[in-house]
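The following note sets out numbered points for a colleague reviewing the structure. The points take up the sheets, the helices packed on them, and the contact between two chains.

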Amino acid sequence: MQASSNSPDAFASTPNANSSAPVANGKITPLAICIRDLRVSYGKFEAVKGISLDIPQGEVFGFIGPNGAGKSSTFRVLATLQPKFRGLALVCGLDVLSQAQKVRDVMGFVPDFFGVYEDLTALEYLHFFAAAYKLPVSKRKGTIDDVLTLTDMTHKANSPVDGLSRGMKQRLALARVLLHDPQVLLLDEPSSGLDPRARIEMRELLKALREMGKTILISSHILSELSQLCTRIGIVELGKMVAQGSVNDIYRQLQVRRVVHVRIENPAADLMERVQRIAGVETVEKQVDRWEIRLHEDQLSVGDLHQALVEEKARLTMFQPEAMDMETAFMKLTEGKTA
Amino acid sequence: MSLLRLIPELPLLRRELIELSNRRRTYIVRFAGAIIILSIVMVQYFRVMQVISQTANPGGGWVPNKFNGSGGVIFSALVPMLFHSVQLLMPALICGAVTIEKERNTLGTLFVTRLSPMTIILEKLASRLVPMLTFLLLTFPVLAFVYSLGGVDTTVLLSTLWLLLCECVFYASIGLLCSTWFSTTASAFICSYIVVGMIVMFTQIMGFGYLYPVVTPFDVWNFAFGGMSEYNVYMSNRGWLQQMLFEALRESSAAAGGQLMTRVMLLISMSVPSLMASGFFVLLARFFLIRRAFVSSSSVLLRVFKRVDTFFTKLNDNTTGGVVLIKDYDSLPAFDPVAWRERSKKSLGKARYLFRVLIVLEGPVLFICLATATFSMSADFDGLRVLLFLMWAITAMILSMKASTMISSERTRETLEALLSTPMSSREIISQKVAGLHRLMIVLSIPILTIHLTLLLMHFDIVQIVRSLSLSTLGTILFYGAMVAATTYTSMHLIVWLSALMGLRSPTQARSVMAAITVLGVWVAGSAFLLTPGEFGYSFGVSTLSPFFGIQEQRFSENFILPSQGWDPRAEIEQQEKIERLTATMSSVCCLMRPDGSIWANESILASNRLAGISKTAPFYAFSRLRSTAVLVSVLVLAWHILMMVCFRGLTLTLAPRLLQRLDDGIPMNSPLIEKSSATLISEGAM
C-alpha cells in the first residue's frame, strides 16, 4: 500500500532517528516528529499533497490553515489512525506505519471533536483510559491524582463526564492523554468552541506542558493564540505547506510591518516629521488619540524605536506594540481556497 | 401558470426526494428489492401454475385452455406477498424520517422555519411513501399479466390497489410515530418492527379464533378476497364475519347492477378503520414531534432501570429506614477497561439490571412451560417449539443489536478515536466488547434452556429411568443436555460475531443494526424458504414444500414411481430405502445450511426416542428415525456451526484494524474496504 518514498533508515540509523536531528548551537536536538513528503488521498481526492515537517523535541509547533487544508489528515497520520498514506511519518523516531503500537505509547492525541462516555464519572473515565494505556495498577491512583491536579480537575473528579462544560471536557481530554506521560502531544484544535476564560486557561495549561518539555503539535483557528504559544508555526493550504518557521521569520518573509501605537503629551509641531525620518520607520499616521507607527522590524526594533522617540524628546504616555498580526500573515499567505 | 401556483411547494418533501435520488444506495436497494420481490413473485407464480397443472390434469393427458381463468388463483397467492413486503419494508424506510434530523441536530432549524409541525410530519410521511409505492409499482406488470389470464374481477384489482395504499399509510404512520418518539434511528427501527410484529401476530392469533378484527388493510383484503376465491381450492372457509362481508359485497354488486364504483366504495368504507388508525398515529406523531425533539440519546432502558432504582431506594428508606443487605460497590477497571464498561455501566451489562431482564423473560416462559408440562397430553407439543423460536428471535434481535452497535455507538458518540489512539490493539478492543456481552448471553440462554428442559421432561419419564437404571436413555438425556448447551452457546456467539462484523463498517448505529438484522433475517427467511426438507413420502409435496425442493421431489417421484411399470415389491422397498436415504441427506444438508439447523438437529435426538406425533414436515423428521443418525447429524451440524462461528470471529478480528481505519503492527492495509471507508471520511469532512 503506502509505497513510502523514503525509508525510515534514510533518516535514522537508530530507532530514535537522531541522525535526522537538526543541529542548534552545536547541540543535536532529536526530532520528535519527522514528516517527509506526506500524501493522503481519499479516493481521487488528495487531501495532503507532500507536506514535510521537522519538529524537534520540546518544541510547540502551530499548524494553521483554513478548513479542509489537510491539518486533521496530518494529525490522523501521526495518531496512527490513517491507514493509507504515502511518504514517511516518524514520531520519536518510530515509524507510524510499521511501529504503530509503539507510536501510541509515546504519543497522546486529542481529536478536534471528541465525545465522552456519558455513563462514567471523570475519575472512572481516567481509570478507564489508564487501563487502556496499560498503566501498572499500583501507579494508577498516583498518576491520575497528578493529572487531575495538573489540569485543575480534582474538584470535578466524581462528577459525571456528561455534565461537564466544554472547557472541562477539553481539560479532561488533556488529562487523558497525559496519563501515560507521552513525549508528543497532538492537539487538534483544542480551543475550538471554548469561551474566552476557558481558552485562556487552556493556553496556560499548554504553557505548563511546554515547560515540562513536551513536544506539542497544535492546530487552531485562533491565530493570535498560536503566536503567543508556539515556537514555530506552519501554514497549510489545500494540502500544501505554504510557509513554516518562527513567527518572526514568517513576518520577515512576508515583509509584514510591525505596528506600534504611541500617545505623546504635547508633541512639538515638527515631531511627526522627525519621527518619519527615523531609519526603519515606514509611515506615521495620526489617529484621534494616538499615532500609529509602522516600522520595518529588521531595520528598527521596537526597543530602538522607543529609544529614538525618547531622544527626540517625546513625552510618551503610551507605547504599545501591536500583537503579532497573524491574521495579516495568514491572509497574505493563503488565497482563501478550501477543499 | 396560475394552476401551478395552486400546487404547494412542499420544500421538505422536495429535499427528501432529492437526497434520496442523490444516494447511490437508493438505486442499489431498489434494484435488489425489485429482484427479490420479482423472484418471489415468479417462484409463487410457477408454484401455482404447477398446482393448477396437477389438479387440472391428474391423468396426465393434455387439457387445452387449462390456464384460462387461472389469474384468480395466482392473484390470491401473489397479493399477500405484496402486503407482507409492505409490512417488512415500510418500517425500515420510515423509522429514520425524524430521528435522522435529531441525530444531525437539524430538527431545530426546521422548527424555526415557517413549516408547521403538521406540515413537517405530512411531508416526512409522503417522502417515505413515495419509495415504497415505487417498489410496489415494480410488481404491477406482473399483476397486469395475471389480470390478463382472467379470473380477477376489476373490483378485486382496484380494491387491492387501494388496500395496498392503505397498508403503506398504516405502517408508515406507525413507523413515523416511533421516529418522533425515539431519539435514535436504531431505537426507532427496533421499536417499529416490534410494533408491526405484534400487530401481525395479534391479527394472526385472532384469525385462528375466527374473530377477525378489521384493523389492518391486509385483514380487509383477507376477509374480502383471501379465502373466498372460487378458484382457490387450497384455502378453507374463513368464518362467519368473512362470509357476511363477502355476501354483502355480492348483494351490493347485484343490487347496483354490477356497478364497479359501488363495489369499490364498499371496500373503501371497509378500510376506514385502518385509515382512522393511521390518522390517529399521525396526530400522535405531530404531538410528540416537538415534545420529544430534543430528548437525550441515552439508553431508554438504563433510564427506566435508574428510575426503578430510585423508587426502590425510596421505598426501602421509608419502610426499613434504609437497611441495605448487599451493598453495590463501584469497581474501577483493572485490566480490561472496555469489557469493564460494558459490564458495569450498561443497562444490559450490570448484574442487577440483568437480573430484572431475566425475571421479565423467564417468568412467562416458566409459566408456559409448567402449564404445558402439566396439562399437555402429548409428549411433543409444537407450541413449545413456537415459544422456543420466539425466544430465539428475541435473543437474536437483542444480541444482534448490541453486537452490531458496539463500534458504531462509539463512532456516533465520537469516543472511538480516543479509544483507537490508545495502545490497545483492535483485536483487544473487539474481544473485550464481545466479552462484555457474556453476562447478557447467559441471561438470554436461561429461558431457552428452560424450554429445552421442558421438552426433555415431556419426552422422558425420569422416575421410570431412575428406577430401571436405563443407561442408554440416561446417556441420551445427557447427550441432549450437552448438545443443547453447546448449541445455545455456539449460536449466540455466531449471531454476535456475525453482527459485530456487519457493524464494524457502519458509520451510524441505525445502519449497523439494519445491516446485521437484514443479514440475519435474509439468512433465516431465505433458508426457511429454500431449505425446507418437507414431508417424507411425496404424496402431497408441492403445497407444503419449498419450491425448489418441491420440484426436486417431483422429479424423484417421476423417476421412481412410474405408473407404466409392473408392481415389484422388492424394487419398491429398494426404492423406498433410497428415497429415505436421500430425504435424510437432504434434511441434514438443510439443517447444516439453516441458522436454526442446530436447534432442529437437537430435536431429532428427542424425536428418535419417540417419533410418534412428530410432523412429517418437521426438518428433523427424516433423520430422526434412527438414533445413531440423529446423533450423527446433530454433532455434524454443531461442528459446522462451531466452524462458522470460528470463521466469523477470525474474520472480524482480522478485518478489525482495516474496518476501524487504524494501523496495527504487521497488518497490511491493502483492502478495497479501506477505499470505501475513506470515501465515507471525505463525506464527513475529516481532513
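**Note on the sheets and the interface**

1. In chain A, strand 11 and strand 12 run antiparallel and are joined by 5 bridges. One of the facing pairs is Ile235(A) with Ala243(A), the latter in strand 12 of chain A. Strand 11 and strand 12 of chain A make a hairpin with 2 residues between them; in its turn, Leu238(A) has a positive phi of about 50°. The model is a predicted one, and these features should be read accordingly.

2. Strand 11 and strand 12 of chain A belong to an open sheet of 6 strands, ordered 8-9-10-5-11-12, with mixed pairing. Strand 8 (107-110) and strand 12 (240-245) of chain A are at the edges, and each has a single partner strand, so one side of each lacks a neighbour in the sheet. From one strand to the next, the twist averages 15°.

3. Within this sheet, strand 5 (residues 60-64) and strand 11 (residues 232-237) of chain A run parallel and are connected by 4 bridges. Phe63(A) stands opposite Gly234(A), which lies in strand 11 of chain A. Two helices pack on the sheet. Helix 5 (residues 166-178) of chain A touches strand 8 and strand 9 (184-188) of chain A, and its direction makes about 160° with that of strand 8 of chain A. Helix 6 (residues 196-211) of chain A touches strand 5, strand 9 and strand 10 (215-219) of chain A, with an angle of about 150° between its direction and that of strand 10 of chain A.

4. A further open sheet in chain A has 4 strands in the order 4-3-6-7, and its pairing is antiparallel. Its edges are strand 4 and strand 7 (94-95) of chain A; each has a single partner strand, so one side of each is left without a neighbour in the sheet. Strand 6 and strand 7 of chain A pair over 2 bridges in the antiparallel sense, and Leu94(A) in strand 7 of chain A is the bridge partner of Val91(A). Helix 1 of chain A packs on this sheet, touching strand 3 (31-42), strand 4 and strand 6 of chain A, and its direction makes about 120° with that of strand 3 of chain A.

5. Over all chains, the structure holds 29 salt bridges. One of them joins Glu46(A) and Arg86(A), whose closest N and O atoms are 3.8 Å apart. This pair links distant parts of the chain, since Glu46(A) is in strand 4 of chain A and Arg86(A) is in strand 6 (residues 86-91) of chain A, 40 residues apart.

6. How much area do chain A and chain B bury between them? The figure is about 4200 Å², with 61% of it on carbon and sulfur atoms. Chain A contributes 48 residues to the contact and chain B 41 residues. The rule finds 2 salt bridges across this interface; Glu417(B) forms a salt bridge with Arg76(A), and the closest N and O atoms there are 2.1 Å apart. There are also 5 residue pairs in polar contact across the interface of chain A and chain B, both residues at pLDDT 80 or more.

7. On the side of chain A that touches chain B, the elements giving two or more residues are strand 4 (45-56), helix 1 (71-78), helix 2 (100-106), strand 8, helix 3 (122-132) and helix 4 (137-150) of chain A. Helix 3 of chain A gives the most, with 6 residues. The residues of this side divide into 24 nonpolar, 12 polar and 12 charged.

Definitions and conventions: Residues numbered from 1 in each chain as written. Chains lettered and ligands numbered in written order. Predicted model: local features only at pLDDT ≥ 70, side-chain atom pairs only at ≥ 80, totals over all residues. Heavy atoms only, no water. Pairing = 2+ DSSP bridges. Axes fitted to C-alpha atoms, helices over the stretch in contact; angles between N-to-C directions. Contact = heavy atoms within 4.5 Å. Buried area = accessible area lost by both parts, 1.4 Å probe. Salt bridge = Lys/Arg side-chain N within 4 Å of Asp/Glu carboxyl O. Polar contact = N/O pair within 3.5 Å; in protein donor to acceptor, adjacent residues only side chain to side chain. Nonpolar A, V, L, I, M, F, W, Y, C, P; charged D, E, K, R; others polar.
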